[in-house]
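Trainee: I have a structure to read and I want to practise. Can we work through it with short questions?

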Amino acid sequence: MISDEALEQLWKEHLHNSNKEERKIHNFMRSTFHKLRIGEILFKFFKTYLKAFESDGSQVVVTQQLTSDLLGQLIEKNQISAIHVPGFCPPEVAESLSQSALEEYTHWKLGGVVSTDMFYAGGSVPKEVADHSWPDFRRYFGERKDFVGKQRMMSKGTWPVDRLRLDLDDTWPFGACLGQYLGEKLRPAIMRIMCEKNDLNFPIPKHGFIHTDDFPKLKSAQGTFSANIYLKIPEEGGELYIWGINLNRLKGMRNYLSAQILTMIMTQGYVFDSEWQQEIFKLLPAPHIIKPKRGDLVIFHSGRPHSVAPVTKGVRVTNQLFIRANGCAPLAVFS
Ligand SMILES: O=C(O)CCC(=O)C(=O)O
Ligand SMILES: [Fe+2]
């Protein structure tokens, strides 16, 4: 258990770290671009010139187990859109974990402010939320161990997140480990819930909110991948959409400009806006639509545009984790 003094010290280091000069400049540029609506103005100005993206031909591969070859195609070569492993988690474990998720859950606001259609359960505060407020930061590091302990207990020692971490360690040439921040271990996964109710006061597009969690220009063995283990499947909705595009492979001025503007729109507050979602949708090729079953695992590059269709009946529960790839370093797992 981390002491209160150690937690306060960590928060001070975090504030110091976030205030470093290069980060300040980056944040200042981002917020100024957003305030002046630069992305929106460029988008409208170049609207007729923008070019819809073609698929890069990458497919969703369904497999019984993770292999070095498949991870190489996903992480190193960016040749596949997603790896889908059916039945990764036994049904009784999925059932027990999803029951525990429904005991307590909190509305997820991006950075603590922007409403989303998701909830996080059992006190598994997302790192990006924790980064913005002391109470959430304290909860993240203060409750990390208890959360993991409870997840393992509910899984009777076979938490699918642990199995995934071991499989990645066994199959990726440079291994896998738990991510760290300022010398402190991070939490390996979050528990997420989507249901019919949410705090949004506008309709959600039928494909959900298209977004990226990483820069959409994919590089070799670099970037943040997202892994989801599906613990409870809703009766209606909740399909995962992934667009097989790689903005790094495009050639020519028109493509370049379209890629820059799409990136700007997808990474600045336009994601939770129905009208912008239609504009983004029009620029993308046909998506892969994955309808996961209970216990399935799906891993994809979070820089590829993706979305989750709104849940219109029932509840959807997942264990979600990010996997950071950085060349020859071990994969780092965190949430
Ligand atoms: O819940 C899912 O299927 C994917 C959600 C998502 O946006 C992500 O994992 O990055
Ligand atoms: Fe995402």
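What follows is a round of questions and answers on this predicted model.

Trainee: In what order do the strands of the open sheet of 3 strands stand?
Mentor: The sheet is open, and its pairing is antiparallel. β11 (288-290) and β13 (306-308) stand at the edges with a single partner strand each, so one side of each has no neighbour in the sheet. On average, neighbouring strands here are turned by 20° against each other, direction ignored. The order is β11-β10-β13.

Trainee: Which residue of β11 is the bridge partner of Y241?
Mentor: Start with the strands. β10 covers residues 240-242 and pairs with β11 over 3 bridges, in the antiparallel sense. The partner of Y241 in β11 is I289.

Trainee: How many residues of the shell around ligand 1 are charged?
Mentor: List the shell: D213, S226, N228, L240, S302, H306, V308, T318 and Q320. Asp is among the types that count as charged. The shell divides into 2 nonpolar and 6 polar residues, and the charged ones number 1.

Trainee: Which strands each supply at least two residues of that shell around ligand 1?
Mentor: Match shell residues to strand ranges. S226 and N228 are in the shell, and β9 spans 222-232. T318 and Q320 are in the shell too, and β14 spans 315-326. The strands that each give at least two are β9, β13 and β14.

Trainee: What span should helix α9 have?
Mentor: Helix α9 takes in residues 253-267, which makes 15 residues. Count 1.5 Å a residue, using one less than the number of residues. The end C-alpha atoms are 21 Å apart, which agrees with the expected span of 21 Å.

Trainee: Against which helices do the buried residues of α9 pack?
Mentor: First find the buried ones. They are S258, A259, I261, L262, I265 and M266. These residues pack against α3 (38-45) and α10 (274-283).

Trainee: Is V60 buried, exposed or partly exposed?
Mentor: V60 lies in strand β1, residues 60-62. Beyond its neighbours within four places in sequence, V60 is in contact with S81, A82, H84, H288 and I290. A residue needs 20 or more other C-beta atoms within 10 Å to be buried, and 12 or fewer to be exposed. V60 has 17, so V60 is partly exposed.

Trainee: What distance separates the C-alpha atoms of V60 and I299?
Mentor: Look at the chain, then at the space. V60 and I299 are 239 residues apart along the chain. Their C-alpha atoms are separated by 9.7 Å.

Trainee: How many residues of β12 are buried?
Mentor: Strand β12 covers residues 297-301 and is mostly covered. L297, I299 and H301 point one way, V298 and F300 the other, and all are buried. The count is 5 of 5.

Trainee: Which residue of β12 stands opposite V85?
Mentor: β2 and β12 pair over 4 bridges in the antiparallel sense. β9 is joined to β12 as well, by 5 bridges, again antiparallel. From that strand, I229 stands opposite L297. The residue opposite V85 is also L297.

Trainee: Which side chains of β15 point to the buried face?
Mentor: Side chains alternate along β15, residues 331-334. A332 and F334 point to one face and are not buried. The buried ones, on the other face, are L331 and V333.

Trainee: Which residue stands opposite V333 of β15?
Mentor: β15 pairs with β5 (176-178) in the parallel sense over 3 bridges, and there A176 stands opposite L331. β14 and β15 run antiparallel and are joined by 3 bridges. They form a hairpin with 4 residues between them, and G327 in the turn has a positive phi of about 55°. Opposite V333 stands I323.

Trainee: Is N78 buried or exposed?
Mentor: N78 sits in the loop between α4 (68-76) and β2 (82-85). Its phi is near 50°, positive in a residue other than glycine. Most residues other than glycine have a negative phi. With 23 C-beta neighbours inside 10 Å, N78 is buried.

Trainee: Is K156 buried or exposed?
Mentor: K156 has a positive phi of about 50° and is not a glycine. K156 lies in the loop between α7 (134-154) and α8 (160-171). With 11 other C-beta atoms within 10 Å, K156 is exposed.

Conventions. Residues are numbered from 1 along each chain as its sequence is written. Chains are lettered from A and ligands numbered from 1 in the order in which they are written. This is a predicted model: local features need pLDDT of at least 70, side-chain atom pairs count only at pLDDT 80 or more; totals for chains, interfaces and linings use all residues. Two strands pair if DSSP finds at least two bridges between them. Axes are lines fitted to C-alpha atoms, for helices over the stretch in contact, and angles run from 0 to 180 degrees between N-to-C directions. A residue is near a molecule or strand if its C-beta atom, placed from the backbone, lies within 6 Å of it. Two residues are in contact if their C-beta atoms, placed from the backbone, lie within 7 Å.
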